[in-house]
Amino acid sequence: MVEQSMWMRKVAADPGHSQWYVERMRSLARAGDDLAGEARLVDAIAPRGAHILDAGCGPGRVGGHLAAAGHRVVGVDVDPALIEAAEQDHPGPRWIVGDLAELDLPALGITDRFDVIVSAGNVMTFLAPSTRVAVLTRMCAHLSADGRAVIGFGAGRDYDFSAFLDDAAEAGFTPDLLLSTWDVRPFRDDSDFLVALLRPR
Ligand SMILES: C[S@@+](CC[C@H](N)C(=O)[O-])C[C@H]1O[C@@H](n2cnc3c(N)ncnc32)[C@H](O)[C@@H]1O
């Protein structure tokens, strides 16, 4: 067993939290908001019909869009209520309940490594801090040799970008490209968001 994720601690403290998040995503979608920015970047760097893991997929916003673009998507999230919503709202991908710190998809029969692993929506900052390196290590182990992880999260969430890049190096990643937005603006010292494109070393 690994330390419980910060997200599931929030859910334990407020059992309505998962449903609130699902409804928030659904209402943004109904209002016509652009919820596919992260998926567009991933689609741009992925081969056609790529094998893509949406790590910390929540209710399936990113993975659902990538599946609609023709990719073979697997989504993993620790919150069963969000996986249930992903199954309802974005049928097609394989949606799996699981903690990324214990990710072992071959044990579930998913033996192909991934071309891209995407982790959007501040997932990194909702992990239990003690599991950060383990999560990144499990991601690295699931990537193909020339695959890439694309991980985005904001500043001011108790996970410094420099600490994240150290953890990623410890997990076996090397940075390919650091951006400050999902629409490909460069990362600078004062950027308040990081989108890191990482590859296995
Ligand atoms: C703000 S939501 C983002 C959801 C989705 N990526 C998106 O952008 O719409 C953060 C997600 O991280 C997931 N998460 C946090 N810790 C996790 C862990 N250890 N393993 C799997 N998922 C985790 C939560 O369950 C939650 O769905």
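## The ligand shell

A residue is taken to be near the ligand if its C-beta atom, placed from the backbone, lies within 6 Å of it. In this predicted model, 21 residues surround the ligand, and the closest are Ser-5, Gly-56, Gly-58, Val-78 and Gly-121.

By residue class, the shell around the ligand divides into 12 nonpolar, five polar and four charged residues. Three elements each supply at least two residues of this shell, namely α4 (61-68), β2 (72-77) and α6 (123-126).

## Overall architecture

The protein chain has eight helices and seven strands. Its radius of gyration is 16 Å, close to the 17 Å that the globule rule gives for 201 residues, so the chain is as compact as a globular protein of that length. The C-alpha trace spans about 40 × 35 × 35 Å along its principal axes.

Buried residues account for 43% of the 201 residues in the chain. Where contacts join residues at least 6 apart in sequence, 68% of them link residues at least 24 apart.

## Strand β2 and its partners

Strand β2, which contributes to the ligand shell, has five of its six residues buried, so this strand is largely enclosed by the rest of the structure. On one pairing, β2 runs parallel to strand β1 (residues 51-55), to which five bridges join it, and within this pairing Ala-55 stands opposite Val-76. The chain passes from β1 to β2 through α4, and this β-α-β crossover is right-handed.

A further parallel pairing, over four bridges, connects β2 with strand β3 (residues 94-97), and here the bridge partner of Val-76 is Ile-96. The connection from β2 to β3 goes through helix α5 (residues 80-89), and this β-α-β crossover is likewise right-handed. Val-76 therefore has a place in both pairings, opposite Ala-55 in the one and partnered with Ile-96 in the other.

## The surroundings of Ile-96

How buried or exposed is Ile-96? This residue, which lies in strand β3, has 17 C-beta neighbours inside 10 Å; because a residue counts as buried only with 20 or more such neighbours and as exposed with 12 or fewer, Ile-96 is classed as partly exposed.

Leaving aside residues up to four places away in sequence, Ile-96 touches Val-74, Gly-75, Val-76 and Leu-108. The C-alpha atoms of Ile-96 and Glu-84, which are 12 residues apart along the chain, are separated by 9.4 Å.

Technical notes
Residues are numbered from 1 along each chain as its sequence is written. This is a predicted model: local features need pLDDT of at least 70, side-chain atom pairs count only at pLDDT 80 or more; totals for chains, interfaces and linings use all residues. The radius of gyration is taken over C-alpha atoms; the globule rule is 2.2 Å times the number of residues to the power 0.38. Two residues are in contact if their C-beta atoms, placed from the backbone, lie within 7 Å. Ala, Val, Leu, Ile, Met, Phe, Trp, Tyr, Cys and Pro count as nonpolar, Asp, Glu, Lys and Arg as charged, and the others, Gly among them, as polar. Two strands pair if DSSP finds at least two bridges between them. A crossover is right-handed if, with the strands pointing away from the viewer, the path from the first strand over the helix to the second runs clockwise.
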